[in-house]
Amino acid sequence: MFSAEIIMNPSAGNARWKKELPALLVLLKSHFAPLRVNRTQQPGDAQIVTEKLLKAYHGRLDELQLIVIGGDGTLHDVVNGLQRCGHPEVAIGYVPTGTGDDFARAQQIPLDPKKAAAVLVTAMPRPVRIGVATSAKYGTQYFINNFGIGMDAQIVYQTNHSLHKGTLNALKLGQFAYGASILKALRVQKGFAATWQVAGHSEKHADNAYLNVFTNHPFLGGGIRLFPDAMDQRQRLSLVQVRREKLGTLLQVAAAILSGRSVHRAIHHFEADQFDFATEATVPIQMDGEEYTTPIAVTLQQTTQMFLLPTNK
């Protein structure tokens with residue numbers, strides 16, 4: 001048996017799995033003993049807990065097994081704690097209990113928490129490419145899923161502030177909270193001026209930037225596919241971009257993405273080791289579902305973090 005430090009967010013996904021957490025911990029304890037539970041109470045706590053654990057296990061990090069029970073936001077905080085302390089080699093086991101759980105989808109981790117916990121018994125440590133966003137405004141931050149400026153961040157904002165999100169999560173239908181916010185975001189989000197550049201190439205300018213998602217994998221907003229499987233590669237960062245078009249065209253784009261095809265003349269897909277993006281406009285930013293604000297000038301790249309992943313992946 002292996003010992004484990006659990007970092008658990010009981011409120012993830014509006015606490016939709018809260019009643020099942022005691023049974024989930026019993027299941028994990030049957031495979032990982034001793035097992036200690038570190039509960040978080042607010043955003044950022046998981047990063048603080050991670051940094052404290054790294055200090056507590058100083059000199060014996062090979063004995064530290066981290067298991068995260070929570071949503072993508074909790075996992076995001078743990079990854080930032082490991083990366084900022086210089087320990088990406090510490091593997092993370094993940095049991096998803098959030099709203100979107102896009103990282104679990106991307107890595108073929110079961111979305112049912114009990115099944116995800118059971119998979120950890122035979123899971124193997126593997127490197128996963130994650131994003132790095134560096135700006136003067138926010139410093140260096142790491143993202144497991146995506147970094148978006150514009151329409152997708154507007155959807156995240158509308159979802160996070162939606163009166164229906166809690167109800168849908170309670171019914172274990174949280175993924176539909178994102179879809180319900182798309183029409184409202186279409187009405188609210190306007191085109192804006194921005195510049196972007198692939199490293200080593202000339203700078204490009206857009207007066208009508210609209211959707212700009214820098215992503216490590218195809219998934220956004222609870223399983224929405226940003227690009228088809230044929231374009232799914234994980235060794236470089238992807239940029240999915242849509243410029244402001246007539247409403248009819250944007251509705252076609254939304255339908256293409258929601259259908260899972262994500263193929264339309266207005267959807268542009270780029271891959272690179274590094275992107276630079278800047279805007280002075282007032283538009284929302286989202287990073288792994290957390291809200292940030294412009295103006296911003298940001299450089300986006302990738303690095304590696306170890307995770308415990310299913311052996312059949």
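A nonpolar core is a set of buried Ala, Val, Leu, Ile, Met, Phe, Trp, Tyr and Cys residues joined through side-chain atoms within 4.5 Å. With that in mind, let's look inside this predicted model. Its largest nonpolar core has 46 residues, and the members that touch the most others are L28, I69 and F307. In general, nonpolar side chains in soluble globular proteins tend to be buried together.

Let's stop at I69. Setting aside neighbours within four places in sequence, I69 is in contact with I6, I7, M8, N9, L21, L24, L25, L28, V95 and T97. A second core, separate from this one, is made of 24 residues, among them F143, A209, F214 and Y292.

Now find helix α10, residues 247-258. Because each residue should add 1.5 Å, its 12 residues should span 16 Å, and the end C-alpha atoms are indeed 16 Å apart. Which residues of α10 are buried? They are T249, L250, V253, A254, A256 and I257. These residues cover an arc of only 160 degrees around the axis, so they lie on the same side of α10. After the helix comes G260, with a positive phi near 95 degrees.

Finally, let's turn to the empty space. The model has 3 cavities of 30 Å³ or more, and the largest cavity holds about 190 Å³. It is lined by 15 residues, of which M151, I155, L211, A254 and I257 are the closest to its centre. Two or more lining residues come from each of α7 (151-160), α9 (176-188), β9 (204-215) and α10. Helix α10 gives the largest share, 5 residues. Two residues met earlier on the buried side of α10, A254 and I257, are thus back in view here.

Definitions and conventions:
Residues are numbered from 1 along each chain as its sequence is written. This is a predicted model: local features need pLDDT of at least 70, side-chain atom pairs count only at pLDDT 80 or more; totals for chains, interfaces and linings use all residues. Side-chain values use heavy atoms; hydrogens and water are left out. Buried means under 20% relative accessible area, exposed over 50%, partly exposed in between (1.4 Å probe, protein chains only). Contact means heavy atoms within 4.5 Å. Helices (H or I, at least four residues) and strands (E, at least two) are DSSP runs, numbered from the N terminus. The expected span of a helix is 1.5 Å times one less than its number of residues. The arc is that of the directions from the helix axis to the C-beta atoms. On a 1 Å grid over the protein atoms alone, a cavity is a set of points where a 1.4 Å probe fits but cannot get out, and a pocket is an open set with protein on both sides within 12 Å along at least five of seven lines; lining residues have an atom within 4 Å of a point. Grid points are joined across faces, edges and corners, and a volume is the space filled by probe spheres set on the points.
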